[in-house]
2 protein chains.
Amino acid sequence: MAERPGPQGGHGLLYLTDEQLRKGIEAMFFAYRGFTAAPDRILDEQDYGRAHHRALHFIQRSPGTTVGNLLDILGVTKQSLNRVLRRLMEDGLVEARVGREDRRERHLHLTEKGVALERALSEAQRDRMRAAYRAAGPQAVQGFRQVLEAMMDPEMRRQFDGDAKAGGR
Amino acid sequence: MAERPGPQGGHGLLYLTDEQLRKGIEAMFFAYRGFTAAPDRILDEQDYGRAHHRALHFIQRSPGTTVGNLLDILGVTKQSLNRVLRRLMEDGLVEARVGREDRRERHLHLTEKGVALERALSEAQRDRMRAAYRAAGPQAVQGFRQVLEAMMDPEMRRQFDGDAKAGGR
DNA sequence: CAAGATACGTCAGCCTTGTTGACACTCCAA
DNA sequence: TTGGAGTGTCAACAAGGCTGACGTATCTTG
């Protein structure tokens with residue numbers, strides 16, 4: 001990163017010029033593309049899209065989560081999510097179990113097949129991220145995470161921080 | 001994958017557990033949402049979408065850029081881009097001037113009106129980013145940028161690094 | 001100059017994934 | 001037992017990706 005006097009250069013960042021911010025904006029744009037490229041390729045082969053990936057990811061993360069729960073996390077309408085879930089269930093990747101406490105709820109789980117695909121997807125993405133982390137170094141990763149966290153909506157930040165295993169059931 | 005003590009811990013990062021990487025992946029997801037939320041609201045009011053924003057952004061960044069150039073950067077098909085550009089030109093936000101050297105080319109420029117919208121959009125986004133930068137601190141910003149850059153496709157990284165004012169080709 | 005290559009625009013049609021509207025099932029409380 | 005709240009589903013539509021096929025200027029080259 002032998003650019004300019006370095007954003008680190010001692011002053012620089014206190015000003016945060018529009019140009020520096022613009023660079024940051026573009027960095028997010030290009031990086032996000034790189035970040036999704038690998039899983040996108042896999043998804044494409046199986047005629048799935050990013051929406052399916054997101055669903056698989058968050059079900060994997062919190063097995064037994066409900067549809068409503070997923071809606072909150074993903075921030076889409078239930079109709080939109082439903083289409084994706086239906087397909088995943090038809091294809092035998094996801095299973096919906098009627099809630100025992102509250103029979104209105106559907107608790108979502110990955111099947112073996114679902115686990116396999118999710119695994120392939122996340123592995124591709126982790127590889128990419130691992131490579132980026134390695135290239136940038138631990139120090140940088142720390143900062144990366146801090147800025148990302150600060151950029152989230154407060155509500156999402158709670159989702160993100162407090163996760164652990166909120167799945168529930 | 002038992003939870004490690006703290007991703008924040010100071011060491012830890014040399015291991016890069018799957019769990020840490022998963023967290024990074026989710027952080028990208030949530031942060032990108034936050035990152036696009038503000039401009040999305042503005043765009044919505046005027047019945048534009050993210051596609052229009054991207055076009056405006058990159059025309060602003062390199063005034064006089066050609067259609068083909070934009071295609072490379074955005075990574076979409078010309079039919080798709082054309083739909084967006086046509087609308088922006090109809091609405092008087094973007095102007096296409098026939099190339100002087102090569103009259104086949106169309107050089108794109110923002111009109112006053114286009115500049116105004118682009119400004120509003122990027123200001124909203126810069127505000128967000130500035131806030132995140134401030135919250136995280138200069139050290140973190142440095143790392144943030146390093147990781148993002150490492151995450152891009154090499155090709156995009158060239159776009160990103162070598163910019164300055166690459167305008168024409 | 002004729003022929004091919006390039007840059008751009010456009011028509012037609014498809015797909016994914018967002019949206020709203022309407023509705024059905026389940027639970028709970030009055 | 002009935003109405004409201006929570007949840008899930010179906011139908012229909014829109015934005016914005018995509019491919020394929022052409023048309024039209026405009027270079028460029030044999």
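Contact here means heavy atoms within 4.5 Å. Keep that cut-off handy for the exercises below, and remember that this is a predicted model.

**Exercise 1. The interface**

Work out how many residues of chain A touch chain B, and how much area the two chains bury between them.

*Solution.*
Step 1: apply the contact cut-off, and 63 residues of chain A turn out to be in contact with 63 residues of chain B.
Step 2: turn to area, where the two chains bury about 6600 Å² between them. Carbon and sulfur atoms carry 69% of that.
Step 3: look for the chain A residues that lose the most area to chain B, and you get Ile25(A), Phe30(A) and Met151(A). Together, these three make up 10% of what that side buries.

**Exercise 2. The sheet in chain A**

Find the strand order in the chain A sheet, pick out its edge strands, and place the helix that lies across β2 and β3.

*Solution.*
Step 1: the sheet is open, with 3 strands in the order β1-β3-β2 and antiparallel pairing.
Step 2: β1 (65-66) and β2 (94-98) of chain A each pair on one side only, which makes them the edge strands.
Step 3: zoom in on one pairing: β2(A) is joined to β3(A), residues 106-110, by 5 bridges. Within it, Arg97(A) has His107(A) as its bridge partner.
Step 4: add the helix. It's α2(A) that lies across β2 and β3 of chain A, and it runs at about 100 degrees to β3(A).

**Exercise 3. The sheet in chain B**

Now do chain B: give the strand order, then describe how β1(B) pairs with β3(B).

*Solution.*
Step 1: chain B has an open sheet of 3 strands, ordered β1-β3-β2, and the pairing is antiparallel.
Step 2: its edge strands are β1 (65-66) and β2 (94-98).
Step 3: β1(B) pairs with β3(B), residues 106-110, over 2 bridges in the antiparallel sense. As a spot check, Thr65(B) sits opposite Leu108(B) in β3(B).

**Exercise 4. The largest pocket**

Describe the largest pocket: its volume, the residues closest to its centre, the helices that line it, and the classes of its lining residues.

*Solution.*
Step 1: the volume comes to about 650 Å³.
Step 2: 23 residues line the pocket, and those closest to its centre are Tyr32(A), Arg50(A), Tyr32(B), Arg50(B) and Arg54(B).
Step 3: trace the lining back to helices. From chain A come α1 (18-45) and α2 (50-61), and from chain B come α1 (18-45), α2 (50-61) and α4 (78-90), each supplying at least two residues.
Step 4: sort the lining by class, and you end up with 11 nonpolar, 5 polar and 7 charged residues.

Terms used. Residues are numbered from 1 along each chain as its sequence is written. Chains are lettered from A and ligands numbered from 1 in the order in which they are written. This is a predicted model: local features need pLDDT of at least 70, side-chain atom pairs count only at pLDDT 80 or more; totals for chains, interfaces and linings use all residues. Side-chain values use heavy atoms; hydrogens and water are left out. On a 1 Å grid over the protein atoms alone, a cavity is a set of points where a 1.4 Å probe fits but cannot get out, and a pocket is an open set with protein on both sides within 12 Å along at least five of seven lines; lining residues have an atom within 4 Å of a point. Grid points are joined across faces, edges and corners, and a volume is the space filled by probe spheres set on the points. Helices (H or I, at least four residues) and strands (E, at least two) are DSSP runs, numbered from the N terminus. Ala, Val, Leu, Ile, Met, Phe, Trp, Tyr, Cys and Pro count as nonpolar, Asp, Glu, Lys and Arg as charged, and the others, Gly among them, as polar. Two strands pair if DSSP finds at least two bridges between them. Axes are lines fitted to C-alpha atoms, for helices over the stretch in contact, and angles run from 0 to 180 degrees between N-to-C directions. Buried area is the accessible area (1.4 Å probe) that two parts lose on being put together, summed over both.
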